[in-house]
Amino acid sequence: MNKDKIAVIGLGYVGLPLARLFATKYNVVGFDINKKRVEELSKGIDATLEVEPEILKSVLKSSDTNDNGLICSSNIEDIKDCNYYVITVPTPIDKNNRPDLTPLYKSSETVAKVLKKGDIVIYESTVYPGVTEDECVPVLEKISGLKFNVDFFAGYSPERINPGDKLHTVDKILKVTAGSTPEIGKKVDALYAGIITAGTHLAPTIKVAEAAKVIENSQRDINIAFVNELAKIFNLMDIDTHAVLEAAGTKWNFLPFKPGLVGGHCIGVDPYYLAQKAQEVGYHPEIILAGRRVNDSMGQYVASEIIKLMITNDIRIKDSKILNLGITFKENCPDVRNTKAVDVINQLKSYGTHVTIYDPWANPDEVKHEYNLETIKVLPHAKFDAIVLTVSHKEFLNIDLNSLLAENGVIYDVKGVLKDTNCNRL
């Protein structure tokens, strides 16, 4: 049995799968301030659907023993005897698209209260280069009274989890690691190497690892912005964008990106973290922010295209009925954080339409709390003037949409997955 004891701080989409995996080899305490979440997890119930009930239950322990396994807790006393603290809290942006480090500060304060000599604090949250050592470490030092790289140490290993993806699970994605000293880097790397079957990559410094993570999603964001711009151009030319991409994709080095809504807690957020730091050091990032502007505009663009199609079909816009399929930020996943489907819905409603939101994956209470929108989990038996597919949940692919369509009604497929040749695609 391994003598190391690990605390995973934050049991969301990132923290829980990691805690479960660590628990197969280590003694683990999963800590979260959400008591309801902790109670559900202790019963083997994961509302995020990232860990199957039987897999979660297989590592749960009934008490905090020295054996390998996982206990979930919201009591800080349960993490005081750990020697590794892995922080997996979200790093959102505020309404002005500026990084909000509040969750990182709060979790660092929690860990600092129980920090001891020799402990290692590892951050997994996506940040701009410098956050771990310049923002989080001072919090740890101030509250613990311990000296960095003398009494305690830090590490960084950026999360690469893909919510809803049952193929690329955390153990099957190569892990970048780093430490605050070369020796600590090796320790952090060895810790993850014990559970990550895909292997690890030890970066030379924490800042390098932070930068590597933040550019991964920025690169994807820019590439999607490019094809979104292509979609706008080709739509004006009456050319099928998806057919163009399919043809271009026959070349071996053409990147297979598709147009769409870019939301979620990573791709739609991380570029702003990099842009913020770039501006702090005196550089105005042009491509990164241009890509964000294009992708942030897509909700409004999609809504305007739908309205134009309805007008062309002589459909009265005011009080028209629209069925929106999906509100989560991606397919086959209940995560609604920073979903851009909301942009489409709100724009459509601004024209005086009545939008019914059907999503069998989303939690209606969560959607109501986050966006003040009503959602349903059962497909309605009604006729709609327009049907908009914004998320390609598997349940939507076999629906006979024409049976739900009113006379002259239109179907708009944002994701380009519907087989119906009569539907309009982004």
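**Helix 9 against helix 10**

I started with how helix 9 and helix 10 cross, and the crossing is left-handed. This is a predicted model, so I keep that in mind for everything below. Helix 9 covers residues 270-280 and helix 10 covers residues 286-296; their axes come within 10 Å and cross at roughly 145 degrees.

Next I looked up who touches whom. From helix 9, the contact takes in Pro 271, Tyr 272, Leu 274, Ala 275 and Gln 279, and helix 10 answers with Ile 288, Leu 289, Arg 292 and Asp 296. Sorted by class, I get six nonpolar, one polar and two charged residues.

**The eight-stranded sheet**

I then traced the open sheet of eight strands, which runs in the order 3-2-1-4-5-6-7-8 with mixed pairing. Strand 3 (69-73) and strand 8 (200-202) are the edges; each has a single partner strand, so one side of each has no neighbour in the sheet. From one strand to the next, the twist averages 20 degrees.

I zoomed in on one pair. Strand 4 (residues 84-87) and strand 5 (residues 120-123) run parallel and share four bridges. What is the bridge partner of Ile 87 in strand 5? I found Tyr 123 there.

Helix 6 (residues 182-193) was worth a look too. It lies across strand 1 (5-9), strand 4, strand 5, strand 6 (153-156), strand 7 (175-179) and strand 8, at about 150 degrees to strand 7.

**The cavity**

How many cavities of 30 Å³ or more does the structure hold? I count one. The volume of the largest cavity comes to about 80 Å³. Its lining is Val 14, Leu 18, Glu 124, Glu 159, Arg 160, Ile 161, Val 170, Ile 173, Leu 174 and Lys 175. I noted the split in that lining as six nonpolar, no polar and four charged.

**The six-stranded sheet**

Further along I picked up another open sheet, six strands in the order 11-10-9-12-13-14, with parallel pairing. Strand 11 (375-376) and strand 14 (424-425) sit at the edges with a single partner strand each, so one side of each is left without a neighbour in the sheet.

At one edge, strand 10 (residues 354-358) pairs with strand 11 in the parallel sense over two bridges. Tyr 358 stands opposite Ile 376 of strand 11.

Last, the helices on this sheet. Helix 11 (residues 298-312) lies across strand 9 (321-325), strand 12 (384-389), strand 13 (405-413) and strand 14, and I logged its angle to strand 13 as about 155 degrees. Helix 12 (residues 341-350) lies across strand 9, strand 10 and strand 12, running at about 155 degrees to strand 10.

Notes
Residues are numbered from 1 along each chain as its sequence is written. This is a predicted model: local features need pLDDT of at least 70, side-chain atom pairs count only at pLDDT 80 or more; totals for chains, interfaces and linings use all residues. Side-chain values use heavy atoms; hydrogens and water are left out. Axes are lines fitted to C-alpha atoms, for helices over the stretch in contact, and angles run from 0 to 180 degrees between N-to-C directions. A crossing is left-handed if the near helix is turned anticlockwise from the far one by less than a right angle, and right-handed if clockwise. Contact means heavy atoms within 4.5 Å. Ala, Val, Leu, Ile, Met, Phe, Trp, Tyr, Cys and Pro count as nonpolar, Asp, Glu, Lys and Arg as charged, and the others, Gly among them, as polar. Two strands pair if DSSP finds at least two bridges between them. On a 1 Å grid over the protein atoms alone, a cavity is a set of points where a 1.4 Å probe fits but cannot get out, and a pocket is an open set with protein on both sides within 12 Å along at least five of seven lines; lining residues have an atom within 4 Å of a point. Grid points are joined across faces, edges and corners, and a volume is the space filled by probe spheres set on the points.
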